[in-house]
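Reader: I'd like a close look at one part of this protein, the second largest cavity. Could you walk me through that spot, and then through whatever else helps me place it?

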Amino acid sequence: MPTPTKRTKRTAALLCGLLLAALAGCGSSADKGGNEALGTKGAAQPVPKKAVPQGLPGMPPVLDPKDAYAADRPGALQPAVKNFLERVYVPNTNSNTVSVIDPKTYKVIETIPVGHQPQHVVPSWDMKTLWVNNDLGDSLTAIDPATGKPGRTVQVSDPYNLYFTPNGKYAVVMASMDRELVFREPVTMNRVKTVPVHCAGVNHADFSMDGRYFIVSCEFSGELLKVDTEKMQVIAHQKLPFEGAMPQDVKMSPDGKTFYIADMMAHGMWVLDGDRFSTPTLLPTGKGCHGLYVSRDSKEMYISNRGEGTISIFDFPQNKLTKKWHLPDGGSPDMGGVSADGKVLWLSGRYDAEVYAIDTTTGQEIARIPVGSGPHGLAVYPQPGRYSLGHTGIFR
């Protein structure tokens with residue numbers, strides 16, 4: 001008969017063996033949910049992050065999914081543009097010239113002859129060239145922002161406005177009178193694909209956060225288009241719910257959820273869910289609502305009301321209009337942009353042959369500068385951002 005000492009040892013060994021067997025039998029459970037044999041739980045596994053929607057192939061990755069304009073902070077100039085001359089380029093539609101303003105002195109320092117009826121000055125996708133859209137001249141004139149001097153002129157039919165796909169693969173000409181969206185090679189401007197549209201007056205646009213579609217305004221028929229960027233085709237269209245609607249500038253909210261479309265006859269901006277492309281609602285801003293420009297901190301949007309000489313301020317976080325600035329002697333504020341440091345809003349005075357420089361902190365007019373006749377889509381340059389989507393400067 002075993003002694004008590006031997007029985008104790010044997011019992012202990014048996015219990016140990018049973019315990020090891022139990023552990024071996026539930027090894028997978030221990031890996032996933034903890035060691036149930038010991039009554040413990042393993043560390044909680046991380047919850048998989050929600051997949052970010054894939055952007056347009058070749059497009060630079062979105063820096064911040066909550067802010068499309070995260071790359072546009074004050075003074076955040078890319079190496080490619082940081083040594084460019086600080087200038088404001090003003091296309092004068094009736095004078096067939098571009099007035100060049102020195103933003104430090106608020107004076108015109110040069111006048112450049114260009115083609116017939118220049119409408120907008122547009123930064124290229126790589127931000128190294130400025131294109132003057134000579135609408136009735138059926139041409140684009142290149143300006144070198146490093147020197148401020150004009151270069152080659154390229155024959156392009158009806159270039160009322162010009163945009164670039166977010167991956168830089170194509171330029172998109174808004175051929176307003178031709179009733180076409182023309183996708184072109186972005187350097188040579190050779191035609192790649194022509195997309196006929198049924199609406200009249202395609203003129204302004206902006207791209208979704210992922211770059212897969214863009215919204216286009218049709219000025220003369222009061223319509224909106226939704227275009228698939230990669231397929232280069234119109235995938236939806238709608239008539240605005242306002243008799244005589246005349247949509248103008250288009251701008252996406254920082255979070256990418258909403259598109260705003262200025263309407264100079266409805267005297268406000270349409271608020272549109274771009275993904276759903278449902279019927280938009282109208283937010284009144286002022287007579288002749290025309291241009292839309294996002295502040296450098298992505299918190300506000302400046303809205304030019306051309307018919308009453310005012311600028312309305314829309315607060316993105318509060319989702320409402322908060323202020324209205326009045327030009328002291330009236331005027332016709334149209335298209336433009338914000339200075340690189342975010343301190344000055346520059347707008348052309350379409351019917352007054354002048355340009356307005358406005359303090360973005362106080363709303364006070366800093367300067368009123370005489371230019372040629374019919375100033376329109378002026379470009380402030382250089383600008384922060386990684387690449388340009390076109391118009392007078394939509395940077396991301």
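Author: Sure. The second largest cavity has a volume of about 80 Å³. A cavity here is a set of points on a 1 Å grid over the protein atoms alone where a 1.4 Å probe fits but cannot get out, and lining residues have an atom within 4 Å of a point. The volume is the space filled by probe spheres set on the points, with grid points joined across faces, edges and corners.

Keep in mind that this is a predicted model, where local features need pLDDT of at least 70, side-chain atom pairs count only at pLDDT 80 or more, and totals for chains, interfaces and linings use all residues. Numbering runs from 1 along each chain as its sequence is written, and side-chain values use heavy atoms, with hydrogens and water left out.

Now the walls. The lining includes M59, P61, V62, L63, D67, A68, A70 and A71, and M209, R386, Y387 and R396 also line this cavity. By class that gives 9 nonpolar, no polar and 3 charged residues. In this scheme Ala, Val, Leu, Ile, Met, Phe, Trp, Tyr, Cys and Pro count as nonpolar, Asp, Glu, Lys and Arg as charged, and the others, Gly among them, as polar.

For context, the structure holds 2 cavities of 30 Å³ or more. The largest has a volume of about 190 Å³ and is lined by 16 residues, of which V294, R296, Q383, G393 and F395 lie nearest its centre. Two elements give two or more residues to that lining, β20 (289-294) and β24 (333-338); strands are DSSP runs of E, at least two residues long, numbered from the N terminus. The largest share, 3 residues, comes from β24. The lining of the largest cavity has 7 nonpolar, 6 polar and 3 charged residues.

One backbone detail to look at is the peptide bond from Y381 to P382, which is cis, with omega near 0 degrees. P382 sits in the segment after β28 (379-381).

How far can you trust all this? The mean pLDDT (the predictor's confidence in each residue, from 0 to 100) is 90 for the protein, and 87% of its residues reach 70 or more. Over residues 1-51, though, the pLDDT is below 50, and this stretch has 14 contacts (heavy atoms within 4.5 Å) beyond near neighbours in sequence. Where pLDDT is low, the predicted coordinates should not be read in detail.

Terms used: 1 Å grid on protein atoms, 1.4 Å probe; cavity = no way out; pocket = protein on both sides within 12 Å on 5 of 7 lines; lining within 4 Å. Helix = DSSP H or I, 4+ residues; strand = E, 2+ residues; numbered from the N terminus.
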